[in-house]
Amino acid sequence: MSRIDLTGAPLPVRVLTLGESMGAIRSEGGDLNSRQGHLSIAGSETNVSIGLARLGHRVTWIGVLGRDAFGDLVERTLCAERVQPQVRRTDRSTGLVVFTEPLPRIVKVDYHRAGSAGSTLGEDDVRRGWTPDTRLVHLTGVTAALGDGPQGALLEAIRLARKHGAKVSFDVNYRQRLWPISEAQETIHQLALLSDIVFASESELALASSALDADESAVARELLDAGVEELVVTRGSRGASCHTKVGSTHVDALTIREVDPIGAGDAFVAGYLSAFVEGRHVSTRLQRGAEAGAFAVARRGDWEGLPRPADLALLREDVGATLR
């Protein structure tokens, strides 16, 4: 799937993502009185964007940011990570998410995103940010939860992908705090049916189907019969599976000391998609997803632990090894 430049060297595939990115404040204590705070950015699509860029791919992120310090932080961070942001600025505020840790490995998330700049994302933003060399579009259910405008943006991205021969991947990524299941299912099911690759955890898998009581085999059968090429199911510490019309493939999760579970799903998606656009076999895609997820949970933060190609080999080193 890679392009060739005039010198004959392969160029990485262009991946396009879109959604809301927010400022993030993370405290290692149970409240914000702790002095051990950390300022960063957060957002499913920007996490995946950074993960893909670190693994050597060209990535465009489309979004809307406020004319404020958090908007500057999001754009500056993406540029530093070699993601190409296509940003519209607005007088609305950039969203904010606050992470606290009331107990070890128990993370509480508070959103401050109602009426945010990111919630105004629309079809025009997608048309302005589209690049003709896009070969993969990655979307999530988080953006769909933000309202009619963002949902329209997702549908426009799918329309452009179909027009230009690009693949579409969709991560269910259900957020109960953003919308109820009764409202989410119809939209998520529609987006899943319009996609080539669907990602879902075991707990949210039925949202991608027409029936909330459907089991995994029924969901896989429905989506694959409708034209979805791959259904990828993540199982946390029990690994991940991919269902296609040819059959099913499974990989185990890697054993690693978990520090922070936030961002593991996005890391898995980034690893999987990086191998997908390189034309790797499904087993390699799953394995790279598992490796990227292991790196993500080994460090604090949504995206800070995402690996680069040379990092992946470190997972084969003995625990406690010193590399000189």
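Student: Where does Thr131 lie, and is the residue buried or exposed?

Tutor: In this predicted model, Thr131 belongs to the loop between α3 (123-129) and β10 (134-140). Its relative accessible area is 15%, so Thr131 is buried, given that buried means under 20%.

Student: Which residue is compared with Thr131 across the chain, and what separates their C-alpha atoms?

Tutor: The partner is Leu16, which is 115 residues away along the chain, while the two C-alpha atoms are separated by 8.2 Å. A second case of this kind involves Gly301, in the loop between α9 (282-297) and α10 (309-312). Gly301 and Ile41 are 260 residues apart in sequence, yet their C-alpha atoms are 9.1 Å apart in space. Gly301 has a relative accessible area of 5%, and therefore counts as buried.

Student: How should I read empty space inside the model, and how many cavities of 30 Å³ or more does a search find?

Tutor: In general, a probe the size of a water molecule, rolled over the atoms, shows where empty space is left. Here the search of the whole structure finds 2 cavities of 30 Å³ or more. The largest cavity has a volume of about 50 Å³. Its lining includes Gly301 and Ile41, together with Ala24, Ile25, Arg26, His38, Ser40, Phe99, Asp302 and Glu304. The elements that give two or more residues to this lining are β4 (22-27) and β5 (37-42).

Student: What is the volume of the largest pocket, and which residues lie nearest its centre?

Tutor: The largest pocket has a volume of about 1400 Å³. Its lining comprises 50 residues, and Pro261, Ile262, Gly263, Ala264 and Gly265 lie nearest the centre. Among the elements that each supply at least two lining residues are α1 (44-54), β8 (96-103), β9 (106-112) and α8.

Student: How does one check the length of α8, and how many of its residues are buried?

Tutor: The general idea is that an α-helix has 3.6 residues a turn, so residues three or four places apart point the same way. For α8, a rise of 1.5 Å a residue predicts a span of 20 Å for its 14 residues; the end C-alpha atoms are 20 Å apart, so the two values agree. The helix is mostly covered, since 12 of its 14 residues are buried. Among these buried residues are Asp266, Phe268, Tyr272 and Phe276. Just after α8, Gly279 takes a positive phi of about 80 degrees.

Student: Which residues have a positive phi although they are not glycines?

Tutor: As background, most residues other than glycine have a negative phi. Arg82 departs from this pattern with a positive phi of about 65 degrees. Arg82 lies in the loop between α2 (69-80) and β7 (84-90), and its relative accessible area of 72% means that Arg82 is exposed. Asn173 likewise has a positive phi, of about 45 degrees, and is not a glycine. Asn173 is found in the loop between β11 (167-171) and α6 (181-193), but this residue is buried, with a relative accessible area of 7%.

Student: How many aromatic pairs does the structure hold, and what is the geometry of Phe199 and Tyr272?

Tutor: The structure holds 2 aromatic pairs. In the pair of Phe199 and Tyr272, the ring centres are 5.3 Å apart and the planes stand at 90 degrees, so the arrangement is edge-to-face; planes over 60 degrees apart count as such. This pair links distant parts of the chain, with Phe199 in strand β12 (residues 197-201) and Tyr272 in helix α8 (residues 264-277), 73 residues apart. Both Phe199 and Tyr272 are buried. With Phe268, they form one aromatic cluster.

Student: Which arginines lie over aromatic rings?

Tutor: Arg26 lies over the face of Phe99, at 4.3 Å from the ring centre. Both Arg26 and Phe99 are also among the residues lining the largest cavity. In addition, Arg113 places its charged end over the ring of Tyr111, 4.8 Å from the centre of that ring.

Student: How many disulfides does a search of the whole structure find?

Tutor: A disulfide is a covalent bond between the sulfur atoms of two cysteines. The search of the whole structure finds 0 disulfides. Cys79 has 46% relative accessibility and so counts as partly exposed, whereas Cys242, at 1%, counts as buried.

Methods
Residues numbered from 1 in each chain as written. Predicted model: local features only at pLDDT ≥ 70, side-chain atom pairs only at ≥ 80, totals over all residues. Heavy atoms only, no water. Phe/Tyr/Trp six-rings, centres within 6.5 Å; stacked < 30°, edge-to-face > 60°. Helix = DSSP H or I, 4+ residues; strand = E, 2+ residues; numbered from the N terminus. Buried < 20%, exposed > 50% of the residue type's maximum accessible area, 1.4 Å probe, protein only. Lys NZ or Arg CZ within 6 Å of the ring centre and 35° of its normal. Disulfide = S-S within 2.5 Å. Expected span 1.5 Å × (residues − 1). 1 Å grid on protein atoms, 1.4 Å probe; cavity = no way out; pocket = protein on both sides within 12 Å on 5 of 7 lines; lining within 4 Å. Points joined across faces, edges and corners; volume = space filled by probe spheres on them.
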